[in-house]
Structure formats: structure tokens, C-alpha cells
Amino acid sequence: MKKTFYLLLAPALLCTACDETDIEKGTPSCIRQKTINLERESPCEEGAYVKEYLFQGKTVFVFEPGNCIADGSAEVVDEGCNRLGYLGGFIGNTRINGQDFSTAEFKRTIWEKK
């Protein structure tokens, strides 16, 4: 009976581990979903990425669609996927919530298209 239980349990445990890669551990689910969407929908062949920063005492994420868009902008969102603003674009914006984003502390790259 014990052997049967373990034989049934092992595949279930292995399949639950299939959903999350190492880079996704600790990443909020809405950020994972936005990352998947960017990966699928980015029009650029390279330069797209999702990076995590510490900014104004909060964890934020920058979604850059790639470098093939001349006046493209990168969306900045918090852990709950609330939009905080955009960087770049036609005017070359560098400020989020009135503060220059260059003060942000880089934490890690979630995903990038090289």
C-alpha cells in the first residue's frame, strides 16, 4: 500500500515543479504572467527584458519591449502590477513618481530576449 501511495505521489510532485523555473521563484504571479505576455508579444528580435529593482523603498519591475521601437517606452509596475509610469518614449522620460529612476537599485533580471 505504501509503495502504491509513493508511486502515485512522485509524479504529482514532479509536475507541480514543472510550472516554475529557477528565475521565477519569488516573482509575483501577475509579474510572471506579464513576462509571459511580453515574451510572446514583443515585436523586437532583441533587447526586450523584465528587470527587478528596489525603488522608493518598494520592489518594482521594468518591462522593456525591445530596442526595435524608436520611441518605445518601458512600463514600470509594482509587485501588484499597478502601473507607476513609463521610462523612455518620445520625450525620454527618466522620472517615476517625481524621482529620477537612476536612483533605483538593480536586483535581478527576470527575463530577457537577447
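This briefing describes the sheet, the disulfides, the salt bridges and one glycine of the structure above.

The structure is a predicted model, in which local features need pLDDT of at least 70 and side-chain atom pairs count only at pLDDT 80 or more, while totals for chains, interfaces and linings use all residues. Residues are numbered from 1 along each chain as its sequence is written, and side-chain values use heavy atoms, with hydrogens and water left out. Five strands form an open sheet, two disulfides are found in a search of the whole structure, and the salt bridges number five.

**Sheet and helix**

- Helices (H or I, at least four residues) and strands (E, at least two) are DSSP runs, numbered from the N terminus.
- The open sheet has five strands in the order 4-3-2-1-7, and their pairing is antiparallel; two strands pair if DSSP finds at least two bridges between them.
- Strand 4 and strand 7 are the edge strands, since each pairs on one side only.
- From one strand to the next, the twist averages 25°.
- Antiparallel pairing joins strand 3 to strand 4 over five bridges, and Ala74 stands opposite Leu87 in strand 4.
- Helix 2 lies across strand 1, strand 2, strand 3 and strand 7, and runs at about 10° to strand 2. For such angles, axes are lines fitted to C-alpha atoms, for helices over the stretch in contact (heavy atoms within 4.5 Å), and the angles run from 0 to 180 degrees between N-to-C directions.

**Disulfides**

- A disulfide is a covalent bond between the sulfur atoms of two cysteines; here the criterion is a pair of cysteine sulfur atoms within 2.5 Å.
- Cys30 is joined to Cys81 by a disulfide with an S to S distance of 2.3 Å. Cys30 lies in helix 2 (residues 29-41) and Cys81 in the loop between strand 3 (73-78) and strand 4 (83-88), so this pair ties together parts that are 51 residues apart in sequence.
- The torsion about the S-S bond of Cys30 and Cys81 is about 105°, so this disulfide is right-handed.
- Exposure is judged by relative accessible area: buried means under 20%, exposed over 50%, and partly exposed in between (1.4 Å probe, protein chains only). Cys30 is partly exposed at 25%, and Cys81 is partly exposed at 22%.
- Cys44 and Cys68 form a disulfide in which the sulfur atoms are 2.0 Å apart. Cys44 lies in the loop between helix 2 and strand 1, and Cys68 in the loop between strand 2 (58-64) and strand 3, so parts that are 24 residues apart in sequence are tied together.
- The disulfide of Cys44 and Cys68 is left-handed, because the torsion about its S-S bond is about -80°.
- Cys44 is buried, with a relative accessible area of 1%, whereas Cys68 is partly exposed at 46%.
- When the bonded cysteines of the protein chain are numbered in sequence order, the pairing is 1-4, 2-3.

**Salt bridges**

- A salt bridge is a side-chain nitrogen of Lys or Arg within 4 Å of a carboxyl oxygen of Asp or Glu, and by this rule the count is five.
- One of them links Arg108 with Glu52, whose closest N and O atoms are 2.7 Å apart. Arg108 lies in strand 7 (residues 105-112) and Glu52 in strand 1 (residues 49-55), so the pair ties together parts that are 56 residues apart in sequence.
- Arg108 is partly exposed, with a relative accessible area of 22%, and Glu52 is buried at 13%.
- Arg83 and Glu75 meet through their side chains in a salt bridge of 2.8 Å, N to O. Arg83 is exposed at 54% relative accessibility, whereas Glu75 is buried at 12%.
- A network of salt bridges links Lys34, Glu75 and Arg83.
- Glu112 and Lys114 also form a salt bridge, at 3.9 Å from N to O. Glu112 is partly exposed at 38% relative accessibility, and Lys114 is exposed at 77%.

**Gly88**

- Gly88 is located in strand 4 and is partly exposed, with a relative accessible area of 27%.
- Gly88 and Ser73 are 15 residues apart in sequence, and their C-alpha atoms are 4.7 Å apart in space.
- Not counting residues up to four places away in sequence, Gly88 touches Gly72, Ser73 and Asn93.
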